[in-house]
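Biologist: Let us take the pockets first and the helix packing afterwards. Please give the cut-offs as you go.

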Amino acid sequence: MQHTQKLVHDAGLGLRRSFIEQALAAPLKNVSFYEIAPENWMPLGGKPGKQFAAMTERYPFICHGLSLSIGSTDPLDEEFVKDLKDFMQQHKIKFYSEHLSYCSHEGHLYDLMPIPFTEEAVHHVAKRIRRVQDILQQKIAIENASYYAAPGQEMAEIDFFNAVVAEADCDILLDINNIYVNSVNHHYDAEQFLQAIPAQRISYAHIAGHYVEAEDFLVDTHGAAVIDPVWQLLGKAYELFGVFPTLLERDFNIPAVAELEREVGIIKSIQNAWHTHNEQLSA
């Protein structure tokens with residue numbers, strides 16, 4: 001089954017309808033690939049559908065799901081996965097990623113909820129991930145999610161995440177901001193968490209901003225600029241594992257395109273600094 005590494009490169013940006021006309025008019029600086037939530041784009045027709053098709057003809061795309069509810073005890077929505085497969089084939093989308101969470105229980109909950117960190121949940125969610133991969137006939141990348149409570153916790157977050165990834169034999173979407181937010185909220189060392197990630201499974205990374213509710217309580221909003229400690233954690237990840245594709249997420253308070261380009265440019269500058277450093281070491 002095809003893995004997802006090296007299918008996109010460099011720095012990317014989550015595509016939003018608010019700036020699609022600008023992205024079509026001229027390439028956005030430093031943006032090598034885009035990501036979309038398929039639920040928001042699969043139903044589109046008319047002008048928005050044509051604009052999206054034009055973008056996918058020019059740039060590599062990734063689908064990042066919001067509603068598959070991979071950790072739910074509800075039946076897996078296989079019809080959605082089959083429709084997703086058709087959509088991805090139609091637009092030559094590189095691969096699919098999802099959150100390690102659930103968002104439904106006998107109805108939609110409209111939020112990403114934490115899966116209990118238990119052995120039983122490892123087997124349950126890994127089986128569902130394998131089923132999705134079988135339908136798509138491709139590995140998917142699972143994201144380490146942010147969470148604010150850990151009901152029924154029997155193991156550490158990193159042990160749960162790694163156990164799911166190993167049993168499902170899937171790839172990883174490494175969310176740098178989520179590691180930082182969780183490390184503050186749940187009082188652990190972000191670098192130690194990072195060091196335990198199976199690097200060979202990393203497909204790409206997310207980086208984003210968050211809301212500071214209190215000094216010891218951060219909320220993963222994707223609604224603010226990325227802060228320095230999160231940029232530094234991205235640099236540490238490259239130092240540990242080498243450069244991998246990294247995408248800026250911005251879902252709320254979306255600034256002008258120039259500001260998005262500036263933040264994507266920071267990703268590129270950190271990647272370039274790693275390449276320069278390693279070229280000097282090997283010279």
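Biologist: Which element gives the largest share of the lining of the second largest pocket?
Modeller: This is a predicted model, in which local features need pLDDT of at least 70 and side-chain atom pairs count only at pLDDT 80 or more, while totals for chains, interfaces and linings use all residues. The second largest pocket (an open set of points on a 1 Å grid over the protein atoms alone, with protein on both sides within 12 Å along at least five of seven lines) holds about 200 Å³ of space. Two or more lining residues (those with an atom within 4 Å of a point) come from each of strand E5 (102-104) and helix H5 (119-136), helices being DSSP runs of at least four residues and strands of at least two. The largest share, three residues, comes from H5.

Biologist: How many of the residues in the lining of the second largest pocket are charged?
Modeller: Gly-71, Thr-73, Tyr-102, Ile-115 and Pro-116 are the closest to the centre among the 13 residues lining the second largest pocket. Nonpolar here covers Ala, Val, Leu, Ile, Met, Phe, Trp, Tyr, Cys and Pro, charged covers Asp, Glu, Lys and Arg, and polar the others, Gly among them. The lining of the second largest pocket has six nonpolar and six polar residues, and the number of charged ones is one.

Biologist: Which element gives the largest share of the lining of the largest pocket?
Modeller: The largest pocket has a volume (the space filled by probe spheres set on the points) of about 830 Å³. Its lining counts 33 residues, with Leu-66, His-99, Leu-112, His-222 and Asp-251 nearest the centre. Two or more of the lining residues come from strand E2 (33-36), from helix H2 (38-41) and from strand E6 (108-113). The largest share, five residues, comes from E6.

Biologist: How does the lining of the largest pocket divide into nonpolar, polar and charged residues?
Modeller: Residues are numbered from 1 along each chain as its sequence is written, and side-chain values use heavy atoms, with hydrogens and water left out. For the largest pocket, the division of the lining is 16 nonpolar, nine polar and eight charged.

Biologist: Which helix gives the most to the lining of the largest cavity?
Modeller: The structure holds one cavity (a set of points where a 1.4 Å probe fits but cannot get out) of 30 Å³ or more. About 110 Å³ of space lies in the largest cavity, and of the 13 residues lining the cavity, Leu-100, Phe-117, Ala-145, Tyr-147 and Glu-157 are the closest to its centre. That lining divides into nine nonpolar residues, three polar and one charged. With three residues, the most comes from H6.

Biologist: Are H5 and H6 parallel or oblique?
Modeller: The axes (lines fitted to C-alpha atoms over the stretch in contact) of H5 and helix H6 (residues 157-168) are 8 Å apart, and the helices pack at an angle of about 40°. Under 35 degrees counts as roughly parallel, over 145 as roughly antiparallel, 65 to 115 as roughly perpendicular and the rest as oblique. H5 is therefore, relative to H6, oblique.

Biologist: Which residues of H6 meet H5?
Modeller: H5 passes H6 in a right-handed crossing (the near helix turned clockwise from the far one by less than a right angle). From H5 the contact (heavy atoms within 4.5 Å) takes in Ala-121, Val-122, His-123, Val-125, Ala-126, Ile-129, Arg-130 and Gln-133. Their partners in H6 are Phe-160, Ala-163, Val-164, Glu-167 and Ala-168.

Biologist: How many charged residues are in the contact of H4 with H5?
Modeller: Helix H4 (residues 78-90) and H5 have axes that come within 9 Å and cross at roughly 40°, and the crossing is right-handed. Glu-78, Val-81, Lys-82, Leu-84 and Lys-85 in H4 meet Arg-131, Val-132, Ile-135 and Leu-136 in H5. This contact has five nonpolar residues and no polar ones, and its charged residues number four.

Biologist: At what angle do H7 and H9 cross?
Modeller: The crossing of H7 and H9 is right-handed. H7 brings Ile-176, Asn-177, Ile-179 and Tyr-180 to the contact, and H9 brings Pro-229, Val-230, Leu-233, Leu-234 and Ala-237. Eight of these residues are nonpolar, one is polar and none is charged. The axes of helix H7 (residues 176-185) and helix H9 (residues 228-241) come within 9 Å, and the angle, on a scale from 0 to 180 degrees between N-to-C directions, is roughly 120°.
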